[in-house]
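Please open the model in a viewer and colour it by chain. The tour below moves from one interface to the next and names what to select at each stop.

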Protein chains: 4
Amino acid sequence: MVGGGQGAFIGAVHRIAARLDDRFELVAGALSSNAERAAISAAQIGVSPDRSYASFEEMAKVEAAREDGIEAVSVVTPNYMHFPVSKAFLDAGISVICDKPLTANLEEAIELGKIAESSRAEFILTHNYSGYPMVRQAREMVRSGKIGKLRRVQVEYVQDWLSAPIDLSQNKQAEWRADPKRSGAGGAIADVGTHAFQLSQFICGTPVSELAAELTSFVDGRLVDDDAQILLRFKNGAKGTLWATQVAPGNENALSIRIFGETGGLEWHQENPNQLWVSMFGEPKCLLTRGGHGTSAIANDITRVPPGHPEGYLEGFATIYSEAADIIRNGRTPNCLSPTIDEGIAGMRFIDAAIRSSKANAQWTPLVG
Amino acid sequence: MVGGGQGAFIGAVHRIAARLDDRFELVAGALSSNAERAAISAAQIGVSPDRSYASFEEMAKVEAAREDGIEAVSVVTPNYMHFPVSKAFLDAGISVICDKPLTANLEEAIELGKIAESSRAEFILTHNYSGYPMVRQAREMVRSGKIGKLRRVQVEYVQDWLSAPIDLSQNKQAEWRADPKRSGAGGAIADVGTHAFQLSQFICGTPVSELAAELTSFVDGRLVDDDAQILLRFKNGAKGTLWATQVAPGNENALSIRIFGETGGLEWHQENPNQLWVSMFGEPKCLLTRGGHGTSAIANDITRVPPGHPEGYLEGFATIYSEAADIIRNGRTPNCLSPTIDEGIAGMRFIDAAIRSSKANAQWTPLVG
Amino acid sequence: MVGGGQGAFIGAVHRIAARLDDRFELVAGALSSNAERAAISAAQIGVSPDRSYASFEEMAKVEAAREDGIEAVSVVTPNYMHFPVSKAFLDAGISVICDKPLTANLEEAIELGKIAESSRAEFILTHNYSGYPMVRQAREMVRSGKIGKLRRVQVEYVQDWLSAPIDLSQNKQAEWRADPKRSGAGGAIADVGTHAFQLSQFICGTPVSELAAELTSFVDGRLVDDDAQILLRFKNGAKGTLWATQVAPGNENALSIRIFGETGGLEWHQENPNQLWVSMFGEPKCLLTRGGHGTSAIANDITRVPPGHPEGYLEGFATIYSEAADIIRNGRTPNCLSPTIDEGIAGMRFIDAAIRSSKANAQWTPLVG
Amino acid sequence: MVGGGQGAFIGAVHRIAARLDDRFELVAGALSSNAERAAISAAQIGVSPDRSYASFEEMAKVEAAREDGIEAVSVVTPNYMHFPVSKAFLDAGISVICDKPLTANLEEAIELGKIAESSRAEFILTHNYSGYPMVRQAREMVRSGKIGKLRRVQVEYVQDWLSAPIDLSQNKQAEWRADPKRSGAGGAIADVGTHAFQLSQFICGTPVSELAAELTSFVDGRLVDDDAQILLRFKNGAKGTLWATQVAPGNENALSIRIFGETGGLEWHQENPNQLWVSMFGEPKCLLTRGGHGTSAIANDITRVPPGHPEGYLEGFATIYSEAADIIRNGRTPNCLSPTIDEGIAGMRFIDAAIRSSKANAQWTPLVG
């Protein structure tokens with residue numbers, strides 16, 4: 001693991017996720033750019049001192065040389081470090097499991113795509129919401145034509161924790177996200193908007209071809225956007241709206257998506273992830289539940305406990321890790337849907353287009369690159 | 001009443017609403033443009049034959065001349081008739097209670113505004129969602145500063161009944177709405193979009209200054225839009241998204257609004273209208289209920305039954321009629337918030353701007369007129 | 001109308017309900033046992049002075065003798081007056097629309113049953129929850145065998161307004177309900193318990209044969225029960241639990257019922273009355289909506305507005321009045337399901353058995369009489 | 001681990017729970033009473049062949065003798081084996097983490113209590129619902145007097161999977177539960193009723209002193225109850241209703257509890273475990289969320305991810321394991337609330353009293369032993 005030392009939220013999440021299905025063991029780390037903090041963090045989580053590294057470069061080099069060197073590295077640093085760290089490990093032939101967004105900008109993303117392609121190692125992007133069974137269920141239903149030709153997608157990721165200017169003071173989580181040097185050019189658009197975008201693409205399949213975006217910083221003094229409202233046009237003629245915000249009081253982590261086709265509609269909410277509403281036009285609405293009646297193998301294969309026993313965020317995240325283990329050890333199979341570097345590049349195209357569109361007064365802007 | 005004969009949905013609604021609080025009695029009508037249907041309809045609803053008119057012009061003239069002539073007329077015709085009918089009665093000094101949207105186009109709306117201003121009669125627009133107690137509660141909370149400076153408004157009006165091309169066949173409700181000659185230039189934007197727009201303005205106060213709209217007709221052969229996605233900019237700097245559609249399977253009449261300010265947020269859903277979510281940043285979310293603890297006089301004054309005994313659509317509509325009676329008889333008081341002709345003109349400006357913006361590839365377009 | 005003067009909640013409800021579908025006009029009343037208040041109340045609601053009576057006996061006598069005398073009387077007094085008032089009007093040949101519970105005790109109920117049987121007039125009991133479309137939908141589904149042989153019924157009516165001892169001070173609504181002389185022997189069991197009992201019987205058909213009840217007065221000094229927990233045994237072998245309380249903070253008027261058969265289940269909540277959950281074993285749960293896809297004529301015939309436009313308490317109540325008009329004028333037809341005096345007697349048997357069971361330490365007690 | 005071989009649901013749950021917080025490693029097992037299946041299961045989950053035992057007696061003996069012997073054993077067998085297995089390990093000085101219900105009958109429970117008391121090892125009962133943060137939050141609120149003197153408890157555990165007679169055919173999970181020789185005398189009362197009972201006791205503190213129970217087997221040919229409706233009397237004068245069923249179509253794992261005191265109420269649903277409704281009489285209802293505003297340290301100390309990122313069943317279970325590690329290594333601290341053997345004995349008293357009450361026609365029966 002690179003990053004994820006003391007005080008980091010996402011590092012602990014990755015560690016639990018990696019452990020939950022018993023597919024990985026954490027044996028090495030460069031847990032902090034601060035050497036002392038790295039050592040303390042390593043001790044706390046059971047990484048032996050000889051495999052706790054002061055820098056990711058050293059870690060990549062030494063681990064690649066060890067006979068019992070690591071099989072894969074988790075990259076859980078602030079966004080601007082995703083590129084150099086991923087590059088170092090891919091170059092060393094070590095598979096990379098990297099947090100999103102892929103990189104700090106589109107150029108890096110494209111470059112990393114080339115590096116990944118030429119590496120013998122694998123690259124998996126932890127767009128963890130792809131790991132929820134009912135998201136997979138939705139994907140299968142849309143792609144198999146259950147709701148007819150796609151017409152509309154409403155996706156939003158709504159939080160409230162940046163409603164007040166906490167990033168301008170002390171909060172570690174808030175601080176780096178609000179610093180363009182470390183988070184990249186986007187704020188909410190990158191931090192949560194990319195999740196919403198990826199979710200819509202993951203489920204629907206048809207790519208977004210252009211967008212009209214308006215990014216806003218509602219909090220005075222904030223250097224990145226804390227709110228993004230975006231109109232989407234999909235390649236197949238469908239339309240959509242994406243809203244990503246971190247300044248909507250009363251919302252903790254309200255990622256949700258509604259998808260409407262010619263003959264039916266679907267609705268999913270991340271905060272209640274074990275349910276999926278299915279509405280066929282002309283019939284009553286029905287509620288599918290994880291593992292429950294009417295669900296598909298593709299969803300049920302990634303559940304662990306019976307219906308009615310809620311699974312949540314960590315389980316969805318763990319599915320990405322389990323699939324990463326499968327991919328690294330056996331290669332990708334059709335049902336192994338954990339995000340690839342291509343989805344990471346698409347996410348960077350999305351951020352890039354949104355920022356360009358917003359600067360041009362929300363002009364329609366194609367996703368390119 | 002003008003319009004509202006056999007087979008008309010909204011006419012029956014207006015009649016119940018007018019009767020519910022016992023403030024009006026229906027005594028005269030020109031219930032259909034078809035004379036025979038008008039007579040049959042009159043008989044069915046208890047209008048005596050001598051006050052059942054074959055044309056609205058005759059009705060306005062004769063009733064204005066009667067000593068016991070009507071105090072007010074309900075205009076419940078297809079949209080394109082709102083202007084001539086309202087004009088006829090206003091000119092005759094009879095107050096008008098008119099359905100929305102105000103007219104078929106902006107020019108007529110402005111003209112009608114002048115007529116109303118110079119008439120001694122009153123004009124009330126039945127934007128009925130303004131009659132829900134929890135909408136009034138929300139209005140008071142926003143306008144009194146409870147949620148701080150307004151930042152974001154998410155409003156949507158989502159239906160599914162036009163998902164299939166029923167307007168191209170037989171459905172009376174669907175048919176005139178989908179005919180630009182009778183409904184005006186807008187489809188969903190006029191039929192439900194104006195409700196969403198008015199709701200946002202009614203609650204928030206600050207006007208929408210410009211919008212970027214994309215109107216779509218998803219159903220082949222349909223001549224008006226059945227879906228509208230619109231970005232909003234408010235005069236005070238707030239941003240918003242408005243979505244109006246009639247092609248989203250699984251949605252019956254899902255008008256909802258979420259409003260976020262610097263310190264709090266509100267959420268209301270028309271299909272469960274007795275509840276209002278209130279979220280103050282840094283506190284747990286709370287659920288206000290109609291007539292329940294923590295609600296204001298402005299909301300409770302328009303309720304009829306105790307909390308927990310649900311009121312609905314007809315009761316909200318009846319509040320507009322009760323207030324119309326107050327306005328006509330005693331003049332408007334500050335808490336008498338039923339919509340005016342100005343709100344109707346604003347709605348026509350909204351439709352007009354949306355259509356122009358959409359034709360210009362969703363370019364930002366000011367609301368003018 | 002007898003009762004329903006100033007400050008009475010239920011009188012105003014009956015008046016709106018009677019008016020809503022335009023089937024009755026209120027022309028006479030003995031609105032209060034206090035002559036002055038009766039006169040003032042009459043003036044307020046538009047009853048002419050010559051038909052505002054100082055006593056119900058006089059009203060029954062005079063109205064029966066008038067050529068244009070009333071067709072029916074609404075009895076909306078405290079419970080202990082239901083018997084003498086209903087008797088007076090039935091004896092005078094005037095139909096009675098009476099609030100529940102039927103009488104103050106079982107003996108009176110049986111006696112009133114005989115009087116009603118021998119009268120040429122009709123008797124309708126306003127168990128208003130029978131007037132909700134989705135309750136009728138549930139009834140039809142259970143009785144037609146949709147959910148298989150009935151196994152379990154969970155019904156509850158949960159309020160909180162008597163959590164504090166307000167009946168011991170000033171509240172008019174609370175006061176008479178908590179006085180055994182005026183409300184009868186039961187408190188919550190009579191006020192809300194009878195609604196829950198009637199709802200279960202109305203939907204399920206199979207009678208409750210015996211019960212084990214525990215009535216409690218949680219508030220010190222209260223003379224009647226404010227909470228009742230009751231086990232039910234149905235004649236067909238089904239089991240049930242009924243909970244009626246007025247001391248559960250956070251509940252306004254939470255009447256709900258869940259019904260389970262061998263092959264399916266149903267769930268309905270009064271505070272959200274336009275929905276009915278239907279669960280067939282082995283299939284996903286579905287949500288029926290009033291007027292929506294998959295509903296029956298028996299439910300849709302008593303709706304007024306399209307799906308998604310919520311109807312509530314007053315509309316359900318109005319359905320009872322509309323059916324009362326049908327019954328009085330044309331006789332009862334099969335789909336005219338408004339409660340009869342027999343359901344009122346059954347309710348009194350329920351109260352009687354519950355009180356006897358509770359005094360006998362919750363011993364199983366048959367419903368007799 | 002003893003039990004939990006191929007095809008066993010709860011064994012896999014315990015393994016994930018043990019691993020999730022990285023406090024235990026699974027190194028030995030007697031995973032099946034069938035030697036071949038035990039060996040295969042051991043291989044599948046990574047237990048080395050030399051520590052895969054053919055019998056629990058051997059495992060207890062050998063592991064107790066090893067220098068690196070196990071610290072604790074998870075007992076995940078059918079109910080009737082809980083006693084002999086727990087006894088063997090406690091006698092060997094190895095701590096026991098045992099599934100519920102404690103034993104097959106009350107006598108064994110009391111005996112095991114004595115054994116545990118005299119053992120130097122610890123005993124933890126995996127009443128996993130005690131591990132949900134919002135259950136702990138509710139417990140603290142009730143016990144600290146937030147809702148005033150306790151009046152009513154409504155607790156239910158509702159499932160549907162035994163609606164059809166699957167236990168009479170092939171389902172492994174259903175089969176042993178429905179066999180009194182292996183599950184003990186109770187069916188639903190033991191399998192889910194004990195969870196509901198324990199939850200009510202865990203939160204409220206005041207013990208249930210007597211109960212009136214009616215157990216039913218709705219499915220023909222079933223030898224144990226599949227439904228239990230029970231009235232509760234608490235020592236402090238509070239009343240309650242407990243309903244446990246496995247034959248209610250439409251319910252997956254619907255454990256819920258509502259608790260009402262003199263001044264407030266709480267409501268929690270296992271299928272949406274990250275929320276807790278709090279209603280103070282005279283105030284609007286509020287919704288606490290796991291980790292959200294207004295929650296206590298006692299709840300937040302056992303959460304892993306931020307509010308809005310749902311935790312579920314496995315996380316709650318893992319908390320029991322984490323606390324077991326704390327208890328075994330450092331002794332029990334005040335906030336370490338994982339269930340003790342005393343709670344297991346109380347559960348057996350509950351089953352015993354319920355069965356005796358039911359046989360005596362639901363007579364009030366004290367919990368003794």
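Begin with chain A and chain B, shown as surfaces: together they bury about 3400 Å², and 55% of that area lies on carbon and sulfur atoms. The model is a predicted one, and every value in this tour is computed from it.

**Stop 1: the contact residues of chains A and B**

Select the residues at which these two chains touch. The selection should hold 42 residues of chain B, in contact with 41 residues of chain A. Polar links cross this interface in two kinds: the salt-bridge rule finds eight salt bridges, and there are 18 residue pairs in polar contact, counted with both residues at pLDDT 80 or more. On the chain B side, switch to a cartoon and pick out the strands β5 (150–158), β6 (208–216), β7 (227–234), β8 (239–245), β9 (254–261) and β10 (264–269); these are the elements of chain B that give two or more residues to the side touching chain A. Colouring that side of chain B by residue class shows 15 nonpolar, 16 polar and eleven charged residues.

For a single example, display K239(A) and E214(B) as sticks. Their side chains form a salt bridge, with an N to O distance of 3.8 Å.

**Stop 2: the axis between chains A and B**

Next, superpose chain B on chain A. A turn of 180° with a shift of 0.0 Å along the axis brings chain B onto chain A with an RMSD of 0.0 Å. The two copies are therefore related as by a two-fold rotation axis. Which residue of chain B comes closest to the rotation axis? Select Q363(B): its C-alpha lies 3.6 Å from the axis. Both copies use the same surface here, since 98% of the contact residues of chain B recur in chain A.

**Stop 3: the contact residues of chains A and C**

Hide chain B and bring up chain C. Nine residues of chain C are in contact with ten residues of chain A. The area buried between chain C and chain A is about 830 Å², with 74% of it from carbon and sulfur atoms. Select P284(C), L287(C) and H293(C), which supply 53% of the area that chain C buries against chain A, more than any other three residues.

How many salt bridges does the rule find across the interface of chain C and chain A? The number is zero, while two residue pairs are in polar contact, both residues of each being at pLDDT 80 or more. Strand β12 (residues 285–289) of chain C gives the most to this side of chain C, with four residues. By class, the side of chain C that touches chain A has five nonpolar, two polar and two charged residues.

**Stop 4: the paired strands and their axis**

Keep β12(C) in view and add strand β12 (residues 285–289) of chain A. The two strands pair in the antiparallel sense over three bridges. Within this pairing, C286(A) stands opposite C286(C).

Finally, superpose chain C on chain A: a rotation of 180° with 0.0 Å of shift along its axis does so, at an RMSD of 0.0 Å. In chain C, the C-alpha nearest this axis belongs to C286(C), 2.0 Å away from it. The copies meet through the same surface, because 100% of the interface residues of chain C are also interface residues in chain A.

Note on methods. Residues numbered from 1 in each chain as written. Chains lettered and ligands numbered in written order. Predicted model: local features only at pLDDT ≥ 70, side-chain atom pairs only at ≥ 80, totals over all residues. Heavy atoms only, no water. Contact = heavy atoms within 4.5 Å. Buried area = accessible area lost by both parts, 1.4 Å probe. Salt bridge = Lys/Arg side-chain N within 4 Å of Asp/Glu carboxyl O. Polar contact = N/O pair within 3.5 Å; in protein donor to acceptor, adjacent residues only side chain to side chain. Nonpolar A, V, L, I, M, F, W, Y, C, P; charged D, E, K, R; others polar. Pairing = 2+ DSSP bridges. Least-squares fit on C-alpha atoms with pLDDT ≥ 70 in both.
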